[in-house]
Structure formats: structure tokens, C-alpha cells
Amino acid sequence: MKNSYLYALAIALMLCCCTPAGNKTDIYPQPAPGFVSLQDGHFAVDGEPWFPLMLNYKAFIKGDSVAPAPWYTGHLRENFDTIAAWGFNAVRVCLDVLDEDGDTAAMFAATRRMVQLADSAGLRVMLLIKPPFDGHWHDYAIGLMHRLADLPALWAYDLMNEPLYFDPAENRRKDGAVSVVADWRKMVREHAPHQLFTVALSEPIEVFRWDPSLLPVDFLEIHTYHPLRVQSEMWWYSHYTGKPWMIGETGLPADNRSVGYDDQVRFMRETYDYARDLGAIGYGWWEFTDYPDGVNFEAQYTGLRDIHGRRKPAAALVALLDSGYTASAPEFPSNYYNMLAYRNVAVTGTVTDRKGRPIEGAVVRGWNEWWSIGMNTYTDAEGRFRLVSNDICVHFEVSAPGFSRLKFDRSVSFPEGTELPDREREYQQMPLTGWGPADGRILPHGSDERYEAPTAVEASIGNITLMRL
């Protein structure tokens, strides 16, 4: 208990240092002519709202120039012109695969010319770089920010891509992640005073370490993909993190054989509309062109051009998307509590703070005995959860935005003879289409008994207590 108290105190003190009360200039950079700023939780340029419609673009530095990914056809300016003609107004240029032995001055110059090329095509740039942890890449980031600080077309830095998967520290604590991002924030404010910065987060289980509610970023950029995931993950980020957020990456792979191009069009339309209804302040698609050597189908065919450089129909939709900001009362995701329609068993319980008050929006993660299948759920307004699975969970992790986390093993007893069909189900085995209703939609919506699992055999693990940080 003493260690938990000190942990909570450390984060509280760190947050006080990171976010001075009542001093907005320390929270966001001062607006400057031509630069993108955050005003009232939205992006703006010279006082006018700006909604980034962003396409992800892979690139590499070769000698003194930025080169498109080798699977892209055409040169850099040609590609930027194409992206702008489709209706995008921003690109997230992924320049995070670099060599420490490179000539940094030449790399800075190459990146500057790339931003200027994008600007001349009518695009603003979010730049993904190597995470500037201590050492070479920390110094590189400082030098790069100095070199590009006067470019309004460079609207944001992405300083870490999906720490859930790529954080070099295997078991980083929340206070450690806050400390890292606070250092990055200080760096950006000093060396790129008119540009914004973010960290790209993936699943809500990022809350176990890189808690989005605690990270002192300017805005959140989230990545979400499978049709059974996107609504529930957008809902959680929009309701429980307390920060402006945008979709940085999403996409439906389509080869026009196993998944049709029309499905990709519908997915773009549905996810874009749902994101805006939830108050997203931007939307980004992965990626420019199909990648035939990707590790799986999703990585190979999410492009808006095929491997021959031919435009897919979804690219034509971009110019037709309603621009600007909106917010409505979106439909609650039908699979929010049981994302993959598990049906065999359910672990129930509650999550509360130290005073017994329920915590809404806590993330409850379970794994089977072999750590091969994991699944998530969330607590409701009463702090209750029902984690449905097809295999019996014995490993658990629980946290909530702004609270401590607990990781533990628990033997959960179910009646002898409980059947466990389809116990290996996980999201990568699920169909990309066919889970929506008969009206042709891609995302599930409305009441759907597949996700309710009323016959799942239940067992309780009681109450879980978290400490507010």
C-alpha cells in the first residue's frame, strides 16, 4: 500500500508540473499566422476551423532527399498532387525508419524540402519521427525542430507510434510514460513553439501504461481498424480520456476479391461519420498504396491505390465527405461490452475507488491460461463489468483513465462440464465483412443478440479497487 501511495503521489506531482493551472500558453502554443493551433478543442488556422482529412504516407530518407516507399509508384511531388486532388488536406509522413549513421544536416534539409513540397501541393504535414528518447534521436529531434520551426505547413509532430506495441521499455509504469511525454512537450515548446505534438495510441489497453488521460500531449491521435473494433474504441476514447482526439489511422483492406472495393467505400463513410458524430477533430486513412509484402491481409491491401498505382473507388469518396466539425448523439456500439460476440463464459465484478465509488470506463483485460487469447471489456456507470470469453480467463489486468492499474492471476471456478466451443476466437480470425445488418452496412449497429451472450456461464471475481492518480 505504501508503494502504491508513493506511485500515485509521484504522478500527481508530475501532472502539476506538466499542466500549470490557469496558464493556457503552457498547455497549447500561442496561435501564429498561418500555423495550425488548437482553439476550443478544435484545430484552427488564423481563427478559422480546420479539419484534417489525412492520408498516411510511408517515406524514407535517401541521401539528401525524401523518397516515397519503394512500393509506391511516382515521385514525391506527383504523389502529393494526387493525394490533394483526391480531397485530402493533410498527410502523415512516416519518417520513423532511419539510420543513426546518416548525415543529420542532410536529413534535416531533405525533410524541410519534403514539407515544402507538400505545402506547394496544398497539404499540411504531420511528421512521424523516431521516438526522441535519450541519446541520438533526442538530439536529432531537437535539431529537426529547430530546422523546421518556421514552416506553417508542418502542423504537428507524432513522437511515438503505438507504444502498446513499440515501447522499448517492456513494463513501463504510468508515471514513467508521463515523465517521458512531459520531456517531449518541453522540447517541442522550446524548439518548435508554433507546432503541435501528439503520441499515436492504439487500443484502449494503452491505459495500462500510456494512460491517454494523463499524457500531456496537445491532442490524441488514435489508430483503430477492424470493423468490430472501431466503434467501441472510438466511444471509449471520446468519453473517458478528456482530451481532443482524432483518428490517425484506420482502414479496411480490400483486394476486390475476398473484400470488395465497395466494402472499403462503405467502411470509410461509416467510420468517418461515426468519428465526427463522437466529436473527432480529424480523420486519417492508412495508407496511400497497397503494400504487397505486408505481414497480413490488413497490411497488404488498405491502400487507396493498388500495387499498379490504380485508384480504388474509396479515394473518390474523400472529396465528397462533409468537411468541418460536428457532433451528434451517435448510436451506442452494440458490441461495446462484448466486441467479438463471445458466448461461452463470463467473469463479472465491479471496479471502484478507495472510497467505494464506482469507476466508469475502466478497462478490464483477460487472458486464457496460455496468454494466447486476450479480450477486453469496460465498466458501466455503476462500475460493473461482464467480461465474456470463449476460453476461461486466468490472467487479468485492470485500470482506468487517471487511476492505478492492477495485474493479477485469479482462478475462476465454472461448473464442471462447462463447454467451450470456438475457444481460440480472436479478432484477426473474424471476417472483415458480414457482421453488419442486412442493409449492407459494414459496422454493426442496433440491437444484436450475438453480442449479448445471455447464456454465458457466469462467475464473479468480486470488487477491484483502484487508486486515483
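**Exercise 1.** Which residue of S15 stands opposite arginine 365?

*Solution.* The model examined here is predicted. Step one is to establish how the strands are joined: S14 and S15 run antiparallel and are connected by 5 bridges. Step two is to locate the partner: asparagine 376 in S15 is the residue opposite arginine 365. Step three concerns the connection: the two strands make a hairpin with 5 residues between them. In the turn, tryptophan 371 has a positive phi of about 60 degrees.

**Exercise 2.** Determine which strand is joined to S14 by 6 bridges, and name a facing pair of residues.

*Solution.* The strand is S17, residues 393–399, and it runs antiparallel to S14. A facing pair is asparagine 368 and cysteine 393, the latter in S17.

**Exercise 3.** Explain why S14 is described as largely enclosed by the rest of the structure.

*Solution.* A residue counts as buried when its relative accessible area is under 20%. In a regular strand, side chains alternate between the two faces of the sheet. On one side of S14, Val363, Arg365 and Trp367 are buried; on the other, Val364, Gly366 and Asn368 are buried. Since 6 of the 6 residues of S14 are buried, the strand is largely enclosed.

**Exercise 4.** State how many residues of helix H8 are buried, and what covers them.

*Solution.* Helix H8 spans residues 230–240, and 9 of its 11 residues are buried. Among them are Met234, Trp235, Trp236 and Tyr237. The covering elements include helix H9 and strands S9, S10, S11, S14 and S15. After the helix comes glycine 242, with a positive phi near 70 degrees.

Terms used
Residues are numbered from 1 along each chain as its sequence is written. This is a predicted model: local features need pLDDT of at least 70, side-chain atom pairs count only at pLDDT 80 or more; totals for chains, interfaces and linings use all residues. Side-chain values use heavy atoms; hydrogens and water are left out. Buried means under 20% relative accessible area, exposed over 50%, partly exposed in between (1.4 Å probe, protein chains only). Helices (H or I, at least four residues) and strands (E, at least two) are DSSP runs, numbered from the N terminus. Contact means heavy atoms within 4.5 Å. Two strands pair if DSSP finds at least two bridges between them.
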